Amino acid sequence: MRSKYSSFQITLHWLVFLLVVGAYCAMELRGFAPRSYRPIFNATHVTCGLSVLVLMVLRLLVRMKYRAPAITPKPHPAIIGMSHLVHTVIYMMFIALPILGFFTVYFKGHEWSVLGIPMPHAPELDEDRQFTFKEIHELIANTGYFVIGIHAFAALFHHYVWKDNTLLRMMPGKKDRP
């Protein structure tokens, strides 16, 4: 059995990471920019978010086809269960967030595009739906800071305290040993 994820899985993981950082930074930093730059920050946020959706669905499909490499030494079953729970939450969050964001923009009722591709939009503004989707999107996004923190902390804890190969399985670099 392999000791690392495939190069493709590793690339998808870190590309999603960069896109999530880009989406969060676009929203957090837009307030520091002049108002005339806000559409650029919004477009960056939406483009990163919809890209995350596509890549997360692809990651999920690849993950369903290929088993995760074993963690050595093997952790306690409760740790494995918590890991599966956190990963499930991460997949759900980063699939749901872009969908909620899409509907937030959709219900604004005006033309919009992503990378020059026209996106569908409601025939007219529906403030109630737009507000509802935006509120849920923001709640989950803010919860994301906590979940991402748990994920990163756990990976580092595995590496530096338990000294297993959890973190190394997802690190780019050396090819997997058969």
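This passage describes the fold, the nonpolar cores and some local backbone features of a predicted model.

The protein contains 4 helices and 2 strands. Followed along the sequence, these elements come in the order α-α-α-β-β-α, with the two strands placed between the third helix and the last one. The C-alpha trace extends over about 55 × 30 × 25 Å along its principal axes. Of the 178 residues, 34% are buried. Contacts across the chain often bridge long stretches of sequence: among those between residues at least 6 apart, 73% join residues at least 24 apart. The accessible surface amounts to about 11,700 Å², and carbon and sulfur atoms account for 70% of that area. As for charge, the protein carries 18 positive and 10 negative side chains, with 20 Å between the centres of the two sets.

Helix H1 is a good place to begin a closer look. This helix covers residues 7-29, and its 23 residues should span 33 Å at 1.5 Å a residue. The C-alpha atoms at its ends lie 32 Å apart, so the expected and modelled spans agree. Which residues of H1 are buried? They are Gln9, Ile10, Leu12, His13, Val16, Leu19, Val20, Ala23, Tyr24 and Ala26. A general point helps in reading such a list: an α-helix has 3.6 residues a turn, so residues three or four places apart point the same way. The cover over the buried residues of H1 includes helix H2 (38-65), helix H3 (77-106) and helix H4 (127-162).

The interior can be followed further through the nonpolar cores. In soluble globular proteins, nonpolar side chains tend to be buried together. Here the largest nonpolar core has 19 residues, and Val16, Val20, Tyr24, Val52, Met56 and Phe94 are those with the most contacts inside it. Each of H1, H2, H3 and H4 supplies at least two residues of this core. Val20 gives a handy view of the packing: leaving aside residues up to four places away in sequence, Val20 touches Val52, Phe94 and Ile148. A second core, separate from the largest, consists of 6 residues, among them Leu50, Val105, Trp112 and Met119.

Helix H4 also holds Arg129. Is this residue buried, partly exposed or exposed? Its relative accessible area is 46%, and because partly exposed residues fall between 20% and 50%, Arg129 counts as partly exposed. Arg129 and Leu12 are 117 residues apart along the chain, and their C-alpha atoms are separated by 32 Å.

Finally, several backbone details outside the helices deserve a friendly pointer. Thr72 and Pro73 are joined by a cis peptide bond, with omega at about -10 degrees; Pro73 sits in the loop between H2 and H3. Two residues other than glycine have positive phi values, Leu115 and Lys163. For Leu115, phi is near 55 degrees, and this residue lies in the loop between strand E1 (112-114) and strand E2 (117-119). With a relative accessible area of 71%, Leu115 is exposed. For Lys163, phi is about 55 degrees, and its place is in the segment after H4. Lys163 is exposed as well, with a relative accessible area of 61%.

How values were computed:
Residues are numbered from 1 along each chain as its sequence is written. This is a predicted model: local features need pLDDT of at least 70, side-chain atom pairs count only at pLDDT 80 or more; totals for chains, interfaces and linings use all residues. Side-chain values use heavy atoms; hydrogens and water are left out. Buried means under 20% relative accessible area, exposed over 50%, partly exposed in between (1.4 Å probe, protein chains only). Contact means heavy atoms within 4.5 Å. Accessible areas come from the Shrake-Rupley method with a 1.4 Å probe; for residues, only the protein chains shown count as cover. Lys and Arg count as positive and Asp and Glu as negative; His and the chain ends are not counted. The place of a charge is taken as NZ of Lys, CZ of Arg, CG of Asp or CD of Glu. The expected span of a helix is 1.5 Å times one less than its number of residues. A nonpolar core is a set of buried Ala, Val, Leu, Ile, Met, Phe, Trp, Tyr and Cys residues joined through side-chain atoms within 4.5 Å.
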